[in-house]
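Student: I'm new to this structure and would like a close look at one helix. Could you pick one, take me through it slowly, and then show me what surrounds it?

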Amino acid sequence: MTYKFFVQPQVNETDHSIYGYEVLLRKRQKDTWTLPTNFSEISLNEQSKLLEQTAAALKTSVTNKVIAFNLNHDQIENPLTLGTIVALKKRLNPSALTIELTDAPTLEEVQRYSILLHQNDMQLVLDDVGTGTNTYENIKDALPYVDQIKFAMQNLRMSGEANKIPELLAFWTKIAREYRLDMVLEGVEDQHDQDLAAKFGIKIHQGYLYGKPMPA
């Protein structure tokens with residue numbers, strides 16, 4: 001089975017510059033690239049090698065752009081994960097590597113990751129806040145230990161709850177200010193979404209308006 005990281009740009013709307021890239025794992029089946037059914041089906045060591053190749057293709061070591069890399073809960077629980085990530089960061093220097101937790105961590109897990117990642121000049125992110133397991137009740141105790149939260153409008157659109165987006169954005173931008181967190185808005189597709197982001201002061205955008213996930 002062949003795997004590849006697709007990349008989607010994150011844009012700083014303050015100056016319309018590329019802030020960084022989220023890397024998204026895909027696997028080749030026949031003539032198409034699809035989402036893996038289980039993101040742990042390829043080892044983290046193999047993923048780190050692929051990510052290193054992707055960073056080289058993006059020339060992030062020259063531009064020092066952010067690379068956002070996702071970890072699910074199975075990977076978070078694996079005792080070898082942190083060592084793999086730290087070794088990867090050393091090979092990527094001076095690229096800025098951020099780790100996005102797609103599932104709500106335990107308090108012990110987020111404390112452990114926060115210490116080790118910050119010691120090695122990496123940032124910790126809670127992905128898709130407000131949906132999946134990353135609800136406020138599940139992650140409120142983790143908020144002091146992270147650097148950034150991401151709000152995914154596309155998740156609410158797919159679940160038929162797009163009408164809740166303004167209310168939830170108001171809540172999560174308030175949380176970001178309270179905990180002094182950066183915030184990324186995902187699912188930005190048109191001018192209306194840009195205007196909504198501007199209303200809440202969200203500067204870092206990601207979505208189809210800026211580009212679909214593509215091979216590096």
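Tutor: Let's take helix α1 residue by residue, and then move out to the rest of the chain.

Before we start, keep in mind that this is a predicted model. For the setting, the protein chain has nine helices and ten strands. Its radius of gyration is 17 Å, close to the 17 Å that the globule rule gives for 216 residues, so the chain is as compact as a globular protein of that length. Along its principal axes, the C-alpha trace spans about 40 × 40 × 35 Å.

Now find α1, which runs over residues 44-58. From the first C-alpha of its 15 residues to the last, α1 reaches 20 Å, close to the 21 Å expected at 1.5 Å a residue. Which of its residues are buried? They are L44, Q47, S48, L50, L51, T54, A55 and L58. Looking down the axis of α1, you'd see these buried residues fall within an arc of 165°, so they line one face of the helix. If that spacing looks odd on paper, here's the rule of thumb: an α-helix has 3.6 residues a turn, so residues three or four places apart point the same way. Go round to the other side of α1 and you meet Q53 and A56, which are exposed.

Let's zoom in on L44, which sits in α1. Its relative accessibility is 12%, and the cut-off for buried is under 20%, so L44 counts as buried. What does L44 touch, leaving aside its neighbours within four places in sequence? Its contacts are F69, L71, Q75, T81, T84 and I85. For a sense of distance, pick out Y179: it is 135 residues from L44 along the chain, and their C-alpha atoms are separated by 31 Å.

Now look just past α1. The helix is followed by K59, which has a positive phi, near 60°. Most residues other than glycine have a negative phi. H16 also has a positive phi near 60°. H16 lies in the loop between β1 (2-12) and β2 (17-29), and at 60% relative accessibility it counts as exposed. K30 is another residue other than glycine with a positive phi near 60°. You'll find K30 in the loop between β2 and β3 (32-34), and K30 is exposed, at 80% relative accessibility.

One of the contacts of L44 leads us inward: F69. In the largest nonpolar core, which has 53 residues, F69 is among those with the most contacts inside it, alongside L97, I99, L126, I149, F151 and L169. Take L126 from that group: leaving aside neighbours within four places in sequence, its contacts include L101, I139, L143, V146 and I149, and also N134, Q148 and K150.

F69 also falls in β4 (66-71), which is one of the elements that the buried residues of α5 pack against. So how does α5 compare on paper? Helix α5 covers residues 107-119, and its 13 residues reach 18 Å from first C-alpha to last, close to the 18 Å expected at 1.5 Å a residue. The buried residues in α5 are E109, V110, Y113, S114 and L117. Down the axis of α5 they fall within an arc of 125°, so these residues too line one face of their helix. Besides β4, they pack against α3 (73-77), α4 (81-92), β5 (96-101) and β6 (123-126). After α5 comes D121, whose phi is positive, near 60°.

Two charged-looking letters deserve a stop before we step back. E186 lies in strand β8 (residues 182-186) and is buried, with a relative accessible area of 7%. Among the residues it touches are E22, D127, D128, K150, F151 and Q206. D193, in helix α9 (residues 191-199), is buried as well, at 3%. Not counting residues up to four places away in sequence, D193 touches M153, R157, L185, G187 and V188.

Finally, the whole chain again. Buried residues make up 48% of the 216. Of the contacts between residues at least 6 apart in sequence, 67% join residues at least 24 apart. The chain exposes about 10600 Å², with carbon and sulfur atoms supplying 51% of it.

How values were computed:
Residues are numbered from 1 along each chain as its sequence is written. This is a predicted model: local features need pLDDT of at least 70, side-chain atom pairs count only at pLDDT 80 or more; totals for chains, interfaces and linings use all residues. Side-chain values use heavy atoms; hydrogens and water are left out. A nonpolar core is a set of buried Ala, Val, Leu, Ile, Met, Phe, Trp, Tyr and Cys residues joined through side-chain atoms within 4.5 Å. Buried means under 20% relative accessible area, exposed over 50%, partly exposed in between (1.4 Å probe, protein chains only). Contact means heavy atoms within 4.5 Å. Helices (H or I, at least four residues) and strands (E, at least two) are DSSP runs, numbered from the N terminus. The expected span of a helix is 1.5 Å times one less than its number of residues. The arc is that of the directions from the helix axis to the C-beta atoms. The radius of gyration is taken over C-alpha atoms; the globule rule is 2.2 Å times the number of residues to the power 0.38. Accessible areas come from the Shrake-Rupley method with a 1.4 Å probe; for residues, only the protein chains shown count as cover.
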